[in-house]
Amino acid sequence: MDSLLRHMVDMTGHRDHAMLDISVISAVQELSGANQTRVLGISSVADQLFVRSRACIQAGGVACPEEPQDSGPGEPIATYPELEACLRQHATRAEGMGQDGLRRLWLPIWFGERADTCLEIAHDTPFTPEALYMVSGIVSVYRNFQNLLDYSERDSLTGLLNRKTFDDQLARMLLATDADPVMPGLAERRGQHGAEAQWLAVVDVDHFKTVNDRFGHLYGDEVLILIANLLQSSFRTQDRVFRFGGEEFVVLLRSTTLENARRIIERFRLDVESHHFPQVGQVTVSIGFTGVSAADSPVVTLGHADQALYFAKANGRNRVCHYEALVDGGLLQTVTTNDTAEFF
């Protein structure tokens with residue numbers, strides 16, 4: 001009982017979805033003695049459902065290996081036939097046997113008619129009624145607290161994280177980046193091609209006002225929702241996607257190289273370009289991105305990405321521009337800088 005209460009206190013003490021995910025799988029893993037526990041994200045792309053691991057822990061509290069950086073939207077839902085049937089029937093749980101011989105229990109987290117999160121528990125013995133009862137209680141607490149976090153952190157139209165949450169997440173990323181010492185002569189660490197770093201990308205829908213004027217705001221809202229879905233399926237589980245306001249979105253890419261960051265962002269741009277938007281047809285996006293450095297304030301970091309975005313929109317749109325590359329190439333020039341803003 002003490003262990004259960006400790007986990008409940010830990011779960012409800014978080015103000016971040018990623019930490020809440022880790023907390024719930026740690027609780028389930030310890031209390032049920034499972035071989036492996038995962039939080040699965042369920043996303044829809046072109047009317048097809050995909051499943052991707054969002055957090056994973058194995059027996060002994062060992063974290064699972066990270067997914068490949070370019071894992072895309074994940075595995076098709078058909079890979080999990082029992083879970084697919086469970087979602088179709090709006091059921092509360094499903095069980096099945098994996099190819100590894102482990103029994104699996106899936107517990108979708110329902111919010112009304114929608115379930116974009118599912119808990120998966122793998123065990124080598126059948127689940128007892130007592131274990132199911134305990135796990136169901138933990139999942140109920142997880143669902144309720146996740147709902148509270150969603151209400152305060154999410155944009156009501158797209159379901160993406162909102163700007164208030166972005167400010168907090170960027171501040172955390174800058175603190176994490178500050179933990180890495182910068183060697184003399186390497187102040188522009190974010191521009192290194194081979195080193196892992198953090199990145200910030202600003203996405204803007206091209207000619208969005210024309211979409212609203214021509215087709216109406218209902219179709220404009222649908223475009224934003226579909227682009228939000230593409231954002232969620234194109235970026236990795238450790239990345240964070242926000243609706244910044246209007247037709248502008250922001251992505252924080254965590255721990256990747258410049259080449260990978262550019263490839264992931266470019267893949268998203270192509271996904272939007274090739275997607276058919278009902279009634280509207282083709283829509284494109286312009287994107288500017290920059291490295292996140294503890295030497296810069298949040299305002300300056302966001303300003304760098306914005307300047308790269310403005311350059312992309314002023315030079316043909318439907319393209320990805322990297323701030324540091326533009327500065328190195330003499331296409332952008334910094335004139336004055338201070339602690340809170342940078343002028344061009």
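These are my notes on two backbone oddities and one helix pair in a predicted model.

**Entry 1: positive phi**

I went looking for residues with positive phi that are not glycine, and stopped at His90, where phi is about 60°. I then checked where His90 sits: it is in the loop that runs between helix 3 (81-88) and strand 5 (94-97). Is His90 buried or exposed? I looked up its relative accessible area, got 33%, and put His90 down as partly exposed.

Gln279 went on the list too, since it is not a glycine and has a positive phi of about 70°. I found Gln279 in the loop between helix 8 (258-274) and strand 11 (285-292). Its relative accessibility came out at 52%, so I noted Gln279 as exposed, the cut-off being over 50%.

**Entry 2: helix 2 and helix 4**

Next I pulled up helix 2 (residues 17-32) and helix 4 (residues 129-153), whose axes come within 11 Å and cross at roughly 175°. Angles over 145 degrees count as roughly antiparallel, so that is how I logged helix 2 relative to helix 4.

Which residues make the contact? From helix 2 I wrote down His17, Leu20, Asp21, Val24, Val28, Leu31 and Ser32. Helix 4 brings Met134, Val135, Ile138, Tyr142, Phe145, Gln146, Leu149, Asp150 and Glu153. I sorted the residues of this helix 2 and helix 4 contact by type and got 10 nonpolar, 3 polar and 3 charged.

Notes:
Residues numbered from 1 in each chain as written. Predicted model: local features only at pLDDT ≥ 70, side-chain atom pairs only at ≥ 80, totals over all residues. Heavy atoms only, no water. Helix = DSSP H or I, 4+ residues; strand = E, 2+ residues; numbered from the N terminus. Buried < 20%, exposed > 50% of the residue type's maximum accessible area, 1.4 Å probe, protein only. Axes fitted to C-alpha atoms, helices over the stretch in contact; angles between N-to-C directions. Parallel < 35°, antiparallel > 145°, perpendicular 65-115°, else oblique. Contact = heavy atoms within 4.5 Å. Nonpolar A, V, L, I, M, F, W, Y, C, P; charged D, E, K, R; others polar.
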